[in-house]
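Hi,

Here is the structure I promised to send over. Have a look at it first, and then read on for my notes.

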Amino acid sequence: MNLPDANVLCEQLATLIRSQLRPDTALVGIHSGGVWVAERLHQLLGIAEPLGSIDVSFYRDDYGSRGLHPHPQKSGIPFDVSERHIILVDDVLYTGRTTRAALNELFDYGRPACVDLAVLVDRGERQLPIGPTWCAWHLPERLPAGSKLDLKRDVAGNLSLEVKSA
């Protein structure tokens, strides 16, 4: 499968979002790939508010069966989310369970005026009724069972997509 350039997808996602920015817009990335995309969007869109980040490890509905992610990250939202326009950012939208967990954690910080979802890639096959407000690329075909679509970042900060087989 030919995968698009993730850096170009970030630019396309910024273009989709730009006209919908409001003075109270803030970005919150989901660790880890969503934070990388959010960092790029934050720069491309020139958002003044500091960037927030969420690690959903403890909020996942499969925490009991999967256990803790081997490298949990610290969540941090350095602004008041109450009555704000929040753009939740993730790299790949799949089942919707990570987004659901991120929303649960986000609301522990306050009650936003609204939350939009921006994703680099939507691979489909949802298990929950969650969809992106903005998406740079819809995966044109299903991946083989057990495969993952991962976002990677090199030491220079360049992003790339990779399919990992089961």
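Below is what I found, starting with the sheet and ending with the salt bridges.

One thing up front: this is a predicted model, so please read everything here in that light.

**The sheet**

Let's start with the overall layout. There is an open sheet of five strands, ordered β2-β1-β3-β4-β5, and the pairing is parallel. β2 and β5 (134-138) are the edge strands, each pairing on one side only. If you ignore direction, neighbouring strands of this sheet are turned by 25 degrees against each other on average.

**Strand β1**

How many of the six residues of β1 are buried? Six of the six, across residues 25-30, so the strand is largely enclosed by the rest of the structure. Going residue by residue, Thr25, Leu27 and Gly29 point one way from β1, while Ala26, Val28 and Ile30 point the other way. Both sets are buried. That fits the usual picture: in a regular strand, side chains alternate between the two faces of the sheet.

Which strands does β1 pair with? With β3 (residues 85-93) it runs parallel, joined by five bridges, and valine 28 sits opposite leucine 88 of β3. With β2 (residues 52-54) the pairing is also in the parallel sense, over three bridges; here isoleucine 30 stands opposite isoleucine 54. To get from β1 to β2 the chain passes through helix α2 (residues 33-45), and this β-α-β crossover is right-handed.

**β3, β4 and the helices on the sheet**

Moving along the sheet, β3 pairs with β4 (residues 114-122) in the parallel sense, over eight bridges. Within that pairing, isoleucine 86 has valine 115 in β4 as its bridge partner.

Two helices to look at here. α2 packs on the sheet and touches β1, β2, β3 and β4; the direction of α2 makes about 150 degrees with that of β1. Helix α4 (residues 97-108) packs on the sheet too, touching β1, β2, β3 and β4. For α4, the direction makes about 150 degrees with that of β3.

**Salt bridges**

The structure holds six salt bridges, and I'll go through some of them.

Among them is the one between the side chains of arginine 22 and aspartate 24, at 3.2 Å from N to O. Arginine 22 is partly exposed, at 38% relative accessible area, and aspartate 24 also counts as partly exposed, at 21%.

Then there is a network that links Lys148, Asp150 and Lys164. Aspartate 150 meets lysine 148 at 3.6 Å, N to O, and meets lysine 164 at 3.5 Å, N to O. Why does the contact with lysine 164 tie together separate parts of the chain? Because lysine 164 lies in strand β7 (residues 159-164) and aspartate 150 in strand β6 (residues 148-153), parts that are 14 residues apart in sequence.

Is aspartate 150 buried or exposed? Its relative accessible area is 13%, so it falls under the 20% cut-off and counts as buried. The two lysines are partly exposed: lysine 148 has a relative accessible area of 47%, and lysine 164 has 36%.

That's the lot from me. Shout if anything is unclear.

Cheers

Terms used:
Residues are numbered from 1 along each chain as its sequence is written. This is a predicted model: local features need pLDDT of at least 70, side-chain atom pairs count only at pLDDT 80 or more; totals for chains, interfaces and linings use all residues. Side-chain values use heavy atoms; hydrogens and water are left out. Buried means under 20% relative accessible area, exposed over 50%, partly exposed in between (1.4 Å probe, protein chains only). Helices (H or I, at least four residues) and strands (E, at least two) are DSSP runs, numbered from the N terminus. Two strands pair if DSSP finds at least two bridges between them. A crossover is right-handed if, with the strands pointing away from the viewer, the path from the first strand over the helix to the second runs clockwise. Axes are lines fitted to C-alpha atoms, for helices over the stretch in contact, and angles run from 0 to 180 degrees between N-to-C directions. Contact means heavy atoms within 4.5 Å. A salt bridge is a side-chain nitrogen of Lys or Arg within 4 Å of a carboxyl oxygen of Asp or Glu.
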